Amino acid sequence: MKRTMLFSATAAAALGLTACGGESTAGVGGSFEGLGNGEVTEEPEVLVDLTGELVDPEGSVLGTATFTSTDLGTEIEVEASGLAPGDHDMLLVSEGGCTEDAIDGAPVADLPALPVTELEVGRLDTLAGEFDLDLLADEDGTSLIVLPLDDEVLAEGAAWSACASIEG
């Protein structure tokens, strides 16, 4: 009985606090001023997302690479499956399309290694410096390249384990 009353009192207090108007509210990508009548005085900043499929040299889809522009920098999220277990170095290069020559493109950034578990699943979520996402997706595009491990055997002619092309 005491638990029910305590829960009811806590729920009532929480509901009362959320019903208050006229306070500044933080939103995704910015903040806005809520007015008592529901109007918003400043629109929240809209974030920009770019996503590319992460593929192996034969073209099989292994996962995704997503770039999100935030107030703190560019968030890069990579999810993959089917890669050799270990820490795979990654880099961004200024040539899109994930061709065999993409690895020779001008480097845009070195990224942290993608940790891949024994179950061949990798995930990395990192905050990088400021990238102009429009430039990453320009007509030349950009490739996120997952490099092979030192002892990894790749398909003939392949220079990378996986690649995601970001193009406009």
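Start with Arg 123 and Glu 79. They form a salt bridge, and their closest N and O atoms are 2.2 Å apart. Arg 123 sits in strand 8 and Glu 79 in strand 5, so this pair ties together parts that are 44 residues apart in sequence. Keep in mind that this is a predicted model.

Arg 123 has a second partner. That partner is Glu 77, with the closest N and O atoms 2.8 Å apart. Strand 8 covers residues 121-128 and holds Arg 123; strand 5 covers residues 73-81 and holds Glu 77, so here the parts tied together are 46 residues apart in sequence. The count of salt bridges comes to two. Glu 77, Glu 79 and Arg 123 are thus linked in a network.

Is Arg 123 buried, partly exposed or exposed? Partly exposed, at a relative accessible area of 44%. Glu 79 is partly exposed too, at 33%. Glu 77 has 23% relative accessibility, and it also counts as partly exposed. Buried would need a value under 20%. As a general reminder, side chains of opposite charge can pair when their charged atoms come close.

Next, the disulfide. The count is one. Cys 98 and Cys 163 form it, with their sulfur atoms 2.1 Å apart. Where do the two cysteines lie? Cys 98 is in the loop between strand 6 (86-93) and strand 7 (107-116), while Cys 163 is in strand 10 (residues 162-166), so the link ties together parts 65 residues apart in sequence. This tie is of another kind: a disulfide is a covalent bond between the sulfur atoms of two cysteines. Now the geometry. The angle about the S-S bond is -80°, and the link is left-handed. Both Cys 98 and Cys 163 are buried.

Now to His 88. This residue belongs to strand 6. How accessible is His 88? Its relative accessible area is 0%, so it is buried. Look at what its side chain meets. A polar atom there lies 2.7 Å from the backbone oxygen of Ala 84. The backbone oxygen of Leu 147 lies 2.8 Å from a polar atom of the same His 88 side chain. So much for the polar pairs; now the wider surroundings. Leaving aside residues up to four places away in sequence, His 88 touches a set of residues that includes Leu 83, Ala 113, Leu 114 and Val 116. Also among its contacts are Val 146, Leu 147, Pro 148 and Leu 149. Glu 152 and Ser 161 are touched as well.

Last, the whole chain. How many helices and strands are there? The protein chain has two helices and 10 strands. From the N terminus, the order is α-β-β-β-β-β-β-β-β-α-β-β. Of its 168 residues, 33% count as buried; His 88 and the two cysteines are among them.

On contacts: take those in the chain with a separation of 6 or more. Residues 24 or more positions apart account for 58% of them. On surface: the chain exposes about 10,100 Å². Carbon and sulfur atoms supply 54% of that area.

To recap. Arg 123 pairs with Glu 77 and with Glu 79. Cys 98 and Cys 163 form the disulfide. His 88 is buried, with side-chain polar contacts to the backbone oxygens of Ala 84 and Leu 147.

Key. Residues numbered from 1 in each chain as written. Predicted model: local features only at pLDDT ≥ 70, side-chain atom pairs only at ≥ 80, totals over all residues. Heavy atoms only, no water. Helix = DSSP H or I, 4+ residues; strand = E, 2+ residues; numbered from the N terminus. Buried < 20%, exposed > 50% of the residue type's maximum accessible area, 1.4 Å probe, protein only. Contact = heavy atoms within 4.5 Å. Areas by Shrake-Rupley, 256 points an atom, 1.4 Å probe, with all protein chains shown as cover. Disulfide = S-S within 2.5 Å. Polar contact = N/O pair within 3.5 Å; in protein donor to acceptor, adjacent residues only side chain to side chain. Salt bridge = Lys/Arg side-chain N within 4 Å of Asp/Glu carboxyl O.
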